Structures are given as C-alpha cells and as structure tokens.
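Me: Could you walk me through this model with a few questions and answers? I'd like to see the reasoning behind each one.

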Amino acid sequence: MTRPSRAKGYASFWKGVSHSKMLLLMCLPAIVFFLVFAYGPMPGAYIAFTNFNYRDGIFGSPFVGMKNFEFLIKSGQLWLLTKNTVLYNLAFIVIGNVLQIGLAIMLNEIRSKYFKKVSQALMFLPYFVSVVLIGVIAFNLLNYDTGAVNALILETGGNPLKIYSMAGLWPFIIIIAHLWQSTGYGSIVYFAAIMGLDDSMFEAAAIDGASAWQRIRYIILPSLKPTFIILLLFALGGIMRGNFGLFWNLVGNNAQLYQTTDIIETSVYRMLVSQNNFTTSTAVGLYQSLFGFVLVMTVNWIVRRINPDYALF
C-alpha cells in the first residue's frame, strides 16, 4: 500500500469514528468489561503449563509443558467433567428452546390482553429468583429428615428416600430447576420475533380457512427458524460453561453426587478453595475455552455452508 492510500485509509477510519462517536460511547462499558475481564487475564493461562508457586510468580515458575493436561486425562477427571458439562448444556439448549418456542406460541394465541400480560409477568418471575433460594427450596423439598417429598411418602405408607445420595436422580432435578427458572425469560426473544411477523400473512391464512395449528405450522414455525439458529449458535458458544450458581446451590460439596453432577465450574472451584491448585484448575479452564471456541467455529462453518444468511460471521 502506498503512503497516500494509507493516509487516506487512516482519514477514512477517523472520519468513521467521528461519525459514530455516540454509538462507540454507548459500547464503551462493554469494551472496558471485555478488556478487563476477558483479554486482561489471558496471560494467566500460562499457569496451565507450569508448576506454579507464589515465590516465583506466573512466569518464573518451572515450565512443565503438558503435564497438567496429562494428569487430567489419565485420571479420567477431564472426560467426566466434559461429559457432564456438555450433556447438561445440550439438555438445557434442546429442551429449553423447544419449551420457549412453545410458550411463545401459546402466548401469541391468547386473545385477552389482560390475561396475556399477567401470564407473561408470572412466567418471567422465576428468572429473577436467586439460585440460593432455589437451593433452599430444593433442600426443603428433598432432604431426608424434614423434606416435603419424604413427608408425603411417609403419609402414604412408603419408606423415605435418601435423595441426596441418589446420583441418578439429580440430572432430572437439575434440568427441571434450570428450565423452571429460565424458560419464561428465554421465550421473550421468540415472542418478540412472532410479534414482528407481518399481519397480512395471518389475514391471508384466515381468509383461506387455515386453522390455528396450520398457521403455527406453516407461518410461525418457519419464520422462527433464523432466530432459533442464531440463538443455537450463541448457546453452543457457551456449551462448556456450566451454571455454577445453580449446580453449587443445589448439590453443594456432596461427593456422592459428583459422578452425575460435577461440571467444570464446580470442579475448578473446589480445586481453588480446598487445594489452592492453580495449575490444574487453569489447565481445565484453558481446555474449556479452547473447546468452546473450536465448537463455535465448526458449527458456524457448517451453518455458513448450508445457508450463509444464518451464520454469525
């Protein structure tokens, strides 16, 4: 590039910045957030390749290469954490999106405006309930001595269940708790997409004698496809990110349930709090980030090959 053309490019860049200064100012808090909490800590990922100690610091600690990752792989812990995290998130994504779409369609079919507003408010409410409170509610329902579930079982002549020792039940409990909390709020995007559809399509369908189910099948569901794909791509980007607050408050530090409830976030938290194990926890976190990045890039490439209009980039 010649010097005049480069100068022209700089002038064009600064002209664009000046023209969009208000938009950039609005984006400034998000930019600062990612610089401080996403890009700033990146050099700390080097800990994953060292035998870290406080005296020598991050870059002065002995370099051990991939030994921290080898330990995780050989112990089987990495496979268990990956499996649990991915399977839980897949259940959250698939079941959650189906329920959110169904809920948005049902809201759209309600004719009474007052009842629709009341229904929306009641469905959004669980999202604002603290996960700590959800853990308390679950404990009061499920604990062995005074839980409501065991009280009901005893009243019917059965034997109480030690639910906090039954690892096989907890995937269902966690999924139900997550869906209860997030489905109503997650349906907002789909409901907004339905509200943005052209009314003339529904009027034409009504004139042609289409039933409510036919309008849903042939107009609403196909129109929600782009929204669903975009939300799916965003969700897949976080498929290795578990809901730490929900898992920790429901399960806590219960070793009997680790086999089916332990995810990457809870394992890393225990490593840091109980063992001060920075090296292994950093290795797990780095693996988590790389896995998520590769997955998003792969899925986006597949979507772009099928239909470029639905791809993120």
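Me: Is Phe291 buried, partly exposed or exposed?

Reply: Happy to help, and keep in mind that this is a predicted model. Phe291 sits in helix H16, which covers residues 278-306. Its relative accessible area is 33%. Buried needs under 20% and exposed needs over 50%, so Phe291, at 33%, is partly exposed.

Me: Which residues does Phe291 contact, leaving aside its neighbours within four places in sequence?

Reply: Contact here means heavy atoms within 4.5 Å. Gly238 is 53 residues away from Phe291 in sequence, with 9.9 Å between their C-alpha atoms. With neighbours within four places in sequence left aside, the contacts of Phe291 are Val86 and Met240.

Me: Which helix gives the most residues to the largest nonpolar core?

Reply: The largest nonpolar core has 23 residues, and those touching the most other members are Tyr88, Leu142, Trp170, Ile174, Leu246 and Leu250. Helices H5 (77-109), H7 (131-142), H9 (170-195) and H13 (244-251) each supply at least two residues of this core. The helix that gives the most, with six residues, is H9.

Me: How many residues are in the other core that lies apart from it?

Reply: Val86 and Ile93 are among the members of this other core. Ile264 and Val284 are also among them. The number of residues in this core is 21.

Me: Is Thr261 buried or exposed?

Reply: Thr261 is found in helix H14, residues 258-261. Not counting residues up to four places away in sequence, Thr261 touches Asn84, Tyr88, Trp170, Ile174, Phe247 and Val251. From the other side, Ile174 touches Thr261, and its list also includes Phe92 and Leu246. The relative accessibility of Thr261 is 3%, and buried means under 20%, so Thr261 is buried.

Me: How many salt bridges does the structure hold?

Reply: Side chains of opposite charge can pair when their charged atoms come close. One such pair is Arg55 with Asp56, where the closest N and O atoms are 3.6 Å apart. Another is Glu109 with Arg111, at 3.7 Å between the closest N and O atoms. Arg270 and Asp262 also meet in a salt bridge, and the number held by the structure is three.

Me: What is the N to O distance between Arg270 and Asp262?

Reply: Arg270 has 15% relative accessibility and Asp262 has 4%, so with the cut-off at under 20% both count as buried. Their side chains meet in a salt bridge, and the N to O distance is 2.8 Å.

Me: Is Arg55 buried, partly exposed or exposed?

Reply: Arg55 forms a salt bridge with Asp56. Asp56 has 32% relative accessibility and counts as partly exposed. Arg55 has 75%, and exposed means over 50%, so Arg55 is exposed.

Me: And is Arg111 buried, partly exposed or exposed?

Reply: The salt-bridge partner of Arg111 is Glu109, which is partly exposed at 25% relative accessible area. Arg111 has 61% relative accessibility, and because the exposed class begins over 50%, Arg111 is exposed.

Me: What is the accessible area of the nonpolar surface patch that includes Leu25?

Reply: Leu25 has its place in helix H2, residues 21-39. Met22, Leu28, Phe33, Tyr39 and Met42 are among the other residues of the patch. Together, the residues of this patch have an accessible area of about 1,200 Å².

Notes. Residues are numbered from 1 along each chain as its sequence is written. This is a predicted model: local features need pLDDT of at least 70, side-chain atom pairs count only at pLDDT 80 or more; totals for chains, interfaces and linings use all residues. Side-chain values use heavy atoms; hydrogens and water are left out. Helices (H or I, at least four residues) and strands (E, at least two) are DSSP runs, numbered from the N terminus. Buried means under 20% relative accessible area, exposed over 50%, partly exposed in between (1.4 Å probe, protein chains only). Patches are made of residues with over 30% relative accessible area and no salt bridge: like charges are joined within 9 Å, nonpolar side chains (Val, Leu, Ile, Met, Phe, Trp, Tyr) within 5 Å. Accessible areas come from the Shrake-Rupley method with a 1.4 Å probe; for residues, only the protein chains shown count as cover. A salt bridge is a side-chain nitrogen of Lys or Arg within 4 Å of a carboxyl oxygen of Asp or Glu. A nonpolar core is a set of buried Ala, Val, Leu, Ile, Met, Phe, Trp, Tyr and Cys residues joined through side-chain atoms within 4.5 Å.
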